[in-house]
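Work through the exercises below with the sequence and the model side by side. Try each task before reading its solution.

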Amino acid sequence: MLIFERSHPGRRNAAQAPHFAAAISGPSTGLRAGIPAALLRQDQPLLPEASEMDVVRHYTRLSQKNFSIDTHFYPLGSCTMKYNPRACNTLAMLPNFLARHPLAPETTGQGVLACLYDLQEILKDVTGMAGVSLMPMAGAQGEFAGVAMIRAYHDARGDTGRTEIIVPDAAHGTNPATAVMCGYTVKEIPTDTNGDVDLDALRAATGPQTAGLMLTNPSTLGVFEKRITDIQKIIHDAGGLLYYDGANLNAILGKVKPGDMGFDVIHMNLHKTFSTPHGGGGPGAGAVGVAERLLPFLPLPVVAKELPSPSGGGVGGEDVFRYLTEADLPQSIGHLSAFSGNIGILLRAYVYARMLGTEGMHRVAEFATLNANYLMAELGKAGFTVAFPQRRASHEFIVSMKPLKDATGISAMDVAKRLLDKGFHPPTTYFPMLVPECLLIEPTETESKETLDGFVAALKEIRDEAYATPELVKGAPHTMPVRRLDDVKAARELDLTWKSNSTLL
């Protein structure tokens, strides 16, 4: 039910702000004063009319119908949907953080800048990079920044014949899209039977036309590229650069650094690895780190620390923080959006990193890997088909439902929808596409053994239902407020506008 459907003429909920309501309704006083009559609307806007209690109950009920990380297990592969400590939200919402205007002078925001500078330093240490910009406001924008810096590097050297970006077939879909947006042609290479990049295919694809390789390690197949040093040597020997997609950074946090693997640029999804609630279209932050050769091209602004001047420097002789501009980095790829990035998300990431510390980051990777391998082993013992049983999982792994579909007609999507009835959010389905009837499962480090055991039990129940009552599974979900949707129709004929008497508002 929509809030408009609870509307009744004449109902009001202005008890909390009677003066504001009077100011709005007055013909020429209050908020309307001074506005030319020609600019005032003649009719009341078509808004719902409901009591305060009805509004509160309506939106509370809607929130209770949602799946969320606070209420359900969210094993979305390659998305890292994990618990987010409340302290991160609380501290990022301190009054002086919230009240700071983005156009305020740097002298009045030294505390904020100090936090952002520390976050840059932490991310440099975690990734093994020489410099970090916090500017990108999403993972995809971080990807764009990374490939744009690769292009700027080659252009600055006059090496304009490099027109191709190599992308493995198991890559995130944003990788080839980013390469194309930056003006490159995409060269796809296959994965071998062990889940690694096919080195022979990589060698054949690499040459003087190669600008770089986009890769995540561990990959979306859930395995760590064992021959990453060979991969980086092939690309670097050809004059290309290596881009690291940081979507799976959770798996190696504090254990191994992309910089040590030979990567030249990395984006980090701070809204995945570093604590911000993820999903639903935002909010996000896709900070980028670079090796020494790409430092001049970092997107602006970047926070810099300057030593106090002999006369006293900043507040009480402390370090002074400021934003670097085009005057400092004339080869920068520039600004990606207004102001200084998604600072609320960056502050949450900073608090989370400080709470974890070095040992905490080690535990993130250890427990993420432990949970993934436990869940993979239990599903394997239960008779499910693990895509790469000979490999240890990193933080995620793949189960193929193809044998179940061949035997019963029940697809991976059917299983995913039925999981909703069992109280579990489905894993990522049909990605990566090279594994048929794929479920990409990532339990993250914050889930308990009991939760993982319950998930295994639910999948076993669904498999039994697929053989006994397949129509039950095909019709799922049965307990959700919205039943099975026509995905193609919803994508092509999306209609999110409420209509009154067939008139669009």
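The exercises that follow concern a predicted model, and each task comes with a worked solution.

**Exercise 1. An aromatic pair across the chain**

Task: Classify the ring pair of phenylalanine 73 and phenylalanine 424, and find where the two residues lie.

Solution.
Step 1. A search of the whole structure gives seven aromatic pairs.
Step 2. In the pair of phenylalanine 73 and phenylalanine 424, the ring centres are 6.2 Å apart and the planes meet at 85°. Ring planes over 60 degrees apart count as edge-to-face, so this pair is edge-to-face.
Step 3. Phenylalanine 73 sits in the loop between helix H2 (52–65) and helix H3 (86–92), while phenylalanine 424 sits in the loop between helix H14 (412–421) and strand E12 (428–429). The two residues are 351 residues apart, and the pair links distant parts of the chain.
Step 4. Buried means under 20% relative accessible area. Phenylalanine 73 has 4% and is therefore buried. Phenylalanine 424 has 12%, so this residue is buried too.
Step 5. Ring pairs also bring in Phe455, which forms a cluster with Phe73 and Phe424.

**Exercise 2. A second aromatic pair**

Task: Describe the geometry and the surroundings of the pair formed by tyrosine 244 and phenylalanine 263.

Solution.
Step 1. The centres of the two rings are 4.8 Å apart and the angle between the planes is 85°, and the pair of tyrosine 244 and phenylalanine 263 is edge-to-face.
Step 2. Tyrosine 244 belongs to strand E5 (residues 241–246), and phenylalanine 263 to the loop between helix H10 (258–261) and strand E6 (265–268). The pair therefore ties together parts that are 19 residues apart in sequence.
Step 3. The relative accessible area of tyrosine 244 is 0%, so this residue is buried. Phenylalanine 263 has a value of 2% and is buried as well.

**Exercise 3. Arginines over rings**

Task: Which ring does arginine 151 lie over, and which ring does arginine 463 lie over?

Solution.
Step 1. Arginine 151 lies over the face of tyrosine 184, and the distance to the ring centre is 4.9 Å.
Step 2. Arginine 463 lies over the face of phenylalanine 384, at 4.5 Å from the ring centre.

**Exercise 4. Glutamate 188**

Task: Is glutamate 188 buried or exposed, and which residues does glutamate 188 touch?

Solution.
Step 1. Glutamate 188 is part of strand E3 (residues 185–189).
Step 2. The cut-off for exposed is over 50% relative accessible area. Glutamate 188 has 59% and therefore counts as exposed.
Step 3. Leaving aside residues up to four places away in sequence, glutamate 188 touches Val167, Pro168 and Asp169.
Step 4. Alanine 205 is 17 residues from glutamate 188 along the chain, and their C-alpha atoms are 8.5 Å apart.

**Exercise 5. A pocket and a cavity**

Task: Describe the second largest pocket and the largest cavity by volume and lining.

Solution.
Step 1. The volume of the second largest pocket is about 630 Å³.
Step 2. Its lining has 22 residues, and Lys65, Asn66, Pro481, Val482 and Leu485 lie nearest the centre.
Step 3. Sorted by type, the pocket lining has 14 nonpolar, three polar and five charged residues.
Step 4. H2 and H14 each give at least two residues to this lining. The largest share, three residues, is from H14.
Step 5. Turning to enclosed space, there are four cavities of 30 Å³ or more. The largest cavity holds about 90 Å³.
Step 6. The largest cavity is lined by 15 residues, and Pro168, Ala170, Ala171, Leu215 and Ser219 are the closest to its centre. This lining is made up of six nonpolar, seven polar and two charged residues.

**Exercise 6. Backbone details**

Task: Where is proline 301, where is proline 477, and what is the phi of glutamate 437 and of threonine 444?

Solution.
Step 1. Leucine 300 and proline 301 are joined by a cis peptide bond with omega about 0°. Proline 301 is in the loop between strand E7 (288–290) and strand E8 (302–306).
Step 2. Alanine 476 and proline 477 are also joined by a cis peptide bond, with omega about 5°. Proline 477 is in the loop between helix H16 (470–474) and helix H17 (487–492).
Step 3. Glutamate 437 is not a glycine, but its phi is positive, near 50°. Its relative accessibility of 11% means that glutamate 437 counts as buried.
Step 4. Threonine 444 has a positive phi of about 65° and is not a glycine either. Threonine 444 lies in the loop between E13 and helix H15 (449–468), and its relative accessible area is 0%, so threonine 444 is buried.

Conventions:
Residues are numbered from 1 along each chain as its sequence is written. This is a predicted model: local features need pLDDT of at least 70, side-chain atom pairs count only at pLDDT 80 or more; totals for chains, interfaces and linings use all residues. Side-chain values use heavy atoms; hydrogens and water are left out. Rings of Phe, Tyr and Trp (its six-membered ring) pair if their centres lie within 6.5 Å; planes under 30 degrees apart count as stacked, over 60 as edge-to-face and the rest as tilted. Helices (H or I, at least four residues) and strands (E, at least two) are DSSP runs, numbered from the N terminus. Buried means under 20% relative accessible area, exposed over 50%, partly exposed in between (1.4 Å probe, protein chains only). A charge sits over a ring if NZ of Lys or CZ of Arg is within 6 Å of the ring centre and within 35 degrees of the ring normal. Contact means heavy atoms within 4.5 Å. On a 1 Å grid over the protein atoms alone, a cavity is a set of points where a 1.4 Å probe fits but cannot get out, and a pocket is an open set with protein on both sides within 12 Å along at least five of seven lines; lining residues have an atom within 4 Å of a point. Grid points are joined across faces, edges and corners, and a volume is the space filled by probe spheres set on the points. Ala, Val, Leu, Ile, Met, Phe, Trp, Tyr, Cys and Pro count as nonpolar, Asp, Glu, Lys and Arg as charged, and the others, Gly among them, as polar.
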